[in-house]
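Some notes on the model follow, set out as numbered points. They begin with one residue and its surroundings and then move outward.

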Amino acid sequence: MIGLVGSAGAYGVWLRRFFEQRMGLDVLGHDPADPDSDTPEQLLEHADVLVFAAPIRNTPALIAQYVAESAGRERDRLWLDITSLKQAPVAAMLASQAEVVGLHPMTSPLKTPTLKGRVVVVCEARVQAWRPWLQELLDALQGEYVRTTPEHHDRVMALVQAMVHAVHLGQAGVLRSFAAELGDPAALMPYRSIGFEMDAAVTARILALNPQIYEDIQFDNPHTGEVLERLAAEIS
């Protein structure tokens, strides 16, 4: 039995479909915003594997709440999270007695049934008895896996996520400041270079998605400040 915490979110919906259709598992799901979803107590009582798929800013405290409510029942079970940062969520899960693995799919939820060809970071914090099942899960997801520690993961994410997002959001702000004088991005496209066209596409994608995700990636990662200071020094 799988328990999904944050089941109504985009990744929660994708994961429910994946676990049910690809792995043939029964799934319970709780979402704090949905009073009609399964209760935390039902998940803690019946789920052999608990997956946290909540917003970054909420995940550590949410895990702590489940640790307190589980009160040792999680022993011999497996807890996972799919948060874009790993240090705080994994540390929170390690306060439990469950086996613990942090996962970070490096993509938004897909319309495809698996993560084939997509990078997934794996942080095996405490896993023994559940290792064969974990491998079964990874095989079913069909991702491209890289294994590391939560600490190294978050330092790398400050480069490959936080810095990249900051650059494109900064570009969007500059374009907006010149729009009255030179026109919006559509007006600039006839003059486009390949680099401008590619950057505009990425910026448009970022602006079209949930801004809370990008805010949390910027401000909840303790390594972002150092990276952006170095970036500022390079371009100043």
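1. This is a predicted model, and the first item is a side-chain pair. The side chains of H223 and Q87 are joined by a polar contact of 3.2 Å. H223 sits in the loop between α9 (211-219) and α10. Leaving out residues up to four places away in sequence, H223 touches Q87, E151, D154, R155 and A158.

2. E151, one of the residues touched by H223, belongs to helix α6. Its relative accessibility is 44%, so E151 counts as partly exposed; the buried class ends at 20% and the exposed class begins over 50%. Beyond its neighbours within four places in sequence, E151 is in contact with Q87 and H223. Q87, H223 and E151 therefore touch one another pairwise, as the contacts of E151 and those of H223 show under the 4.5 Å heavy-atom criterion. For a distance, take E151 and T83: they are 68 residues apart in sequence, and their C-alpha atoms are 14 Å apart in space.

3. Helix α6 (residues 150-182) also packs on helix α10 (residues 224-235), at an angle of about 55 degrees and with the axes 9 Å apart. That angle makes α6 oblique to α10, because it falls outside the range of 65 to 115 degrees for roughly perpendicular and is not under 35 degrees. The crossing of α6 past α10 is right-handed. On the α6 side the contact is made by R155, A158, L159, A162, M163, A166 and V167, and on the α10 side by T224, E226, V227, L228 and L231. By class, this contact has 9 nonpolar, 1 polar and 2 charged residues. R155 and A158 of α6 take part in this contact and are also touched by H223.

4. Which side chain joins that of H104 in a polar contact of 2.8 Å? The partner is H153. The side chain of H104 also reaches the backbone oxygen of S84, at 3.5 Å. H104 is placed in strand β5 (residues 99-105). With a relative accessible area of 2%, H104 is buried. Apart from neighbours within four places in sequence, H104 is in contact with T83, S84, K86, V119, V120, V121, H153, M157 and Q161.

5. V90 is a residue of helix α4 (residues 87-94). V90 is buried, since its relative accessible area is 2%. Not counting residues up to four places away in sequence, V90 touches D81, V100, G102, A125 and P150. V90 and T114 are 24 residues apart in sequence, and the distance from C-alpha to C-alpha is 24 Å.

6. Is helix α1 (residues 10-22) roughly parallel or roughly perpendicular to helix α5 (residues 131-141)? The two pack at an angle of about 105 degrees, with their axes 11 Å apart, and so α1 is roughly perpendicular to α5. In this packing W14, F18 and F19 of α1 meet W133, L137, A140 and L141 of α5. The contact of α1 with α5 has 7 nonpolar residues, with no polar and no charged ones.

7. Two backbone angles should be looked at. Most residues other than glycine have a negative phi. D76 is not a glycine, yet its phi is positive, near 75 degrees. D76 is in the loop between α3 (59-70) and β4 (78-81), and at 65% relative accessibility D76 counts as exposed. Q142, likewise not a glycine, has a positive phi of about 65 degrees. Q142 lies in the loop between α5 and β7 (144-147), and its relative accessibility of 34% makes Q142 partly exposed.

8. Last, the overall figures. The protein has 10 helices and 7 strands. Its C-alpha atoms fill a box of roughly 60 × 35 × 35 Å along the principal axes. Of the 236 residues, 42% are buried; H104 and V90 are among them. Among contacts with a separation of 6 or more, residues 24 or more positions apart account for 66%.

Terms used: Residues are numbered from 1 along each chain as its sequence is written. This is a predicted model: local features need pLDDT of at least 70, side-chain atom pairs count only at pLDDT 80 or more; totals for chains, interfaces and linings use all residues. Side-chain values use heavy atoms; hydrogens and water are left out. Axes are lines fitted to C-alpha atoms, for helices over the stretch in contact, and angles run from 0 to 180 degrees between N-to-C directions. Helices (H or I, at least four residues) and strands (E, at least two) are DSSP runs, numbered from the N terminus. Angles under 35 degrees count as roughly parallel, over 145 as roughly antiparallel, 65 to 115 as roughly perpendicular and the rest as oblique. A crossing is left-handed if the near helix is turned anticlockwise from the far one by less than a right angle, and right-handed if clockwise. Ala, Val, Leu, Ile, Met, Phe, Trp, Tyr, Cys and Pro count as nonpolar, Asp, Glu, Lys and Arg as charged, and the others, Gly among them, as polar. Buried means under 20% relative accessible area, exposed over 50%, partly exposed in between (1.4 Å probe, protein chains only). A polar contact is a pair of N or O atoms within 3.5 Å; within protein, one must be able to donate a hydrogen and the other to accept it, and residues adjacent in sequence count only if both atoms are side-chain atoms.
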